[in-house]
Amino acid sequence: MKQQRRAPTPSVPFLPRTREEMRARGWDELDVLLVTGDAYVDHPSFGVPAIGRLLEKRGWRVGILDVPDLDADGSGWKRLPAPKLWVGVSAGTIDSMVTNYTAAKKRRSQDVYRPGGKVGRPNRATIAYTAAARHHFPGLPVVIGGLEAGPRRLAYYDYWEDKIRRSILVDAKADLLVWGMGERTALEICERLSRGEHLHGMLQTCELVPADRVPPTARVAPSFEALAADVQLSIELFNVVREENRVGGRVVAQAHGTRFVLQHPPLAPSTADEVDEYYDLPFARAWHPDHDAAGGVPALEPVRWSINTHRGCLADCTFCSITFHQGRTIQSRSEASILREAAKLSEHLDFRGTITDVGGPTANMWGMGCKLLESGKPCLNRDCLSPDVCPALRVDSASEGYRRLLAMVKQTKGIKHAFVQSGIRYDMLFSQKSATKGELLPLHHDLVANHTSGRIKLAPEHASPDVLAAMNKPGFELYERYEEAYKETCQDLGRDQHLVNYFIVGHPGTTMRDAVVLFEKLLERHYSPEQVQEFIPLPMTRGCVQYVTGRDPISGAELYVPRGGRERRLQKALVRWKDPENRLLVEESLALAEREDLLEPFRRGLRRALAPRGRRETGIALDLDTCG
Ligand code: SF4
């Protein structure tokens with residue numbers, strides 16, 4: 001890995017990861033110890049250090065015990081002393097099983113969140129770290145959180161073991177589970193414990209209680225034991241959680257034997273002032289210097305010079321757990337805060353003039369709100385983006401605001417480029433004012449002209465209407481309309497720019513015939529993306545319930561579920577059709593789908609793909625190798 005130049009010493013030092021660093025700050029003890037399976041990277045994209053920075057700002061003494069498992073003799077756990085108040089445990093930025101294994105359940109060879117990208121994170125790290133924390137810091141409350149613990153707060157289907165597992169709170173034997181974004185809850189835990197109070201009943205947490213402590217108003221969900229006996233009950237559990245995951249929702253109670261996991265309802269979405277505060281913290285935007293020797297932490301590089309504009313996602317894509325973690329409401333930073341960060345980046349000694357991304361979970365959702373909810377009226381009781389963009393969304397005005405924001409970031413002194421690398425929702429680039437929905441917003445033009453490094457990332461995810469409906473994504477015809485418009489804009493601007501597409505194979509609802517529908521669209525475009533995502537049923541998602549039960553939990557429709565490894569391989573080969581090693585698999589898939597009519601076009605396409613560059617057939621206006 002290329003050695004990155006070290007950041008200058010930040011104006012505020014790193015949070016201590018050793019006793020020496022505590023002493024350098026004049027601290028003889030810690031209030032809070034945060035344990036994470038990632039290497040310590042002081043950047044707002046890394047959740048545990050970001051929470052640490054917020055607690056530090058409010059006066060709490062926080063230590064970061066990162067990658068404590070690196071030392072086989074357990075000495076990693078002795079780097080810092082037991083804190084005064086509590087220990088927080090997170091597996092890291094990503095769920096440890098997803099970090100350690102591919103969708104085909106093979107061991108990965110790299111872990112980009114750890115020093116030097118070396119693997120070694122324990123499986124189900126939250127459980128492993130909680131046990132170690134209990135051993136090394138006896139008597140202290142242990143609180144778990146993050147993207148591994150949060151979606152496993154109630155009994156869940158585990159893809160890796162192919163069975164229903166108990167809530168991670170029960171398996172980890174932690175005192176409390178914080179779900180969703182944890183900053184405000186972490187502050188409340190500090191305040192309560194410092195006043196000698198208990199941690200019961202806190203919003204956005206789960207706790208394990210005896211039956212006599214279940215509130216009479218709680219909504220009882222199917223128990224772990226019932227789910228384990230009948231996975232079809234996952235549909236009921238999904239709908240209970242979906243209905244109660246709202247501000248003012250009821251407590252959800254789920255029995256595990258004689259005890260109950262209580263899920264308390266969410267906090268109100270963070271205000272702009274709160275989100276600004278999180279991102280205005282003094283991050284070094286560098287890994288801790290102790291990780292220099294290993295060559296640094298690869299995960300920093302793609303995000304180091306990026307600006308996160310908001311949290312939350314309006315889309316309810318069935319395979320994604322972001323709405324369960326960050327919420328459906330878009331929580332945007334103010335323009336002033338974003339511009340402050342841009343100015344700060346431009347002054348950084350290592351900065352070379354390019355902001356690599358000004359975005360969030362979906363870039364063009366910054367500032368996006370709902371006219372009805374903002375005026376106190378009820379929701380139209382539909383999805384915000386499905387089956388089409390809800391007329392109550394302020395798409396036109398928010399898109400104009402985002403366009404202005406990008407221009408202002410680019411005009412900041414010392415910044416040459418302000419790119420958008422986060423995904424774009426192309427259905428939200430069409431004007432809502434246009435009766436035909438055929439007109440594109442000025443944001444589209446500016447993105448193409450000024451804010452891409454040569455490619456825009458779009459995620460149509462599939463091309464088959466049935467699969468897209470199962471995924472809760474817009475139809476492929478809308479993508480094709482945008483693709484046409486994109487090509488025209490590129491031609492008008494005289495730009496050789498591309499679209500990069502993302503597709504998922506193996507999602508519930510994908511028969512071999514559906515997989516061939518996608519293949520046909522790719523073949524038409526002579527396009528075969530480098531990366532293909534294989535569907536993994538993540539806990540709590542609608543896609544996971546579809547996978548487990550063979551039914552959509554909202555519509556009740558039956559869905560075909562491609563489960564076998566061979567079938568997934570065939571579907572993947574259809575997307576990676578230019579790889580000569582996949583030729584036989586593609587031919588087998590076409591035979592299975594009874595689409596032998598595509599054999600000859602496929603062979604022609606493959607010959608063209610493998611022909612030496614100068615002898616390639618032409619006939620397609622743009623370089624569609626990279627333009628989906
Ligand atoms: S009214 Fe429409 S935009 Fe507003 S919350 Fe409901 S679905 Fe979303």
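In this predicted model, an open sheet is built from three strands in the order β20-β21-β22, and their pairing is parallel. Its edges are formed by β20, spanning residues 455–461, and by β22, spanning 533–534, each of which pairs on one side only. Strands of a sheet pair through backbone hydrogen bonds, in either a parallel or an antiparallel sense. Between β21, which covers residues 498–505, and β22, the parallel pairing extends over two bridges. Within this part of the sheet, V505 stands opposite E534 of β22.

The wider setting is given by the domain assignment of the protein, which places domain 1 at residues 19–201 and domain 2 at residues 454–628. A distance of 38 Å separates the C-alpha centres of domain 1 and domain 2. The two domains nevertheless touch: eight residues of domain 1 are in contact with 10 residues of domain 2. On the domain 1 side of this contact, the residues comprise seven nonpolar and one charged, with no polar residue.

Attention may now turn to the ligand. The residues around the ligand include the cysteines C370, C379, C384 and C390. The leucines L372, L373, L380 and L393 also belong to this shell, as do A392 and R382. Classified by residue type, the shell around the ligand holds nine nonpolar residues and one charged residue, while polar residues are absent.

Technical notes: Residues numbered from 1 in each chain as written. Predicted model: local features only at pLDDT ≥ 70, side-chain atom pairs only at ≥ 80, totals over all residues. Domains from an automatic or database assignment. Contact = placed C-beta atoms within 7 Å. Nonpolar A, V, L, I, M, F, W, Y, C, P; charged D, E, K, R; others polar. Pairing = 2+ DSSP bridges. Helix = DSSP H or I, 4+ residues; strand = E, 2+ residues; numbered from the N terminus. Near = placed C-beta within 6 Å.
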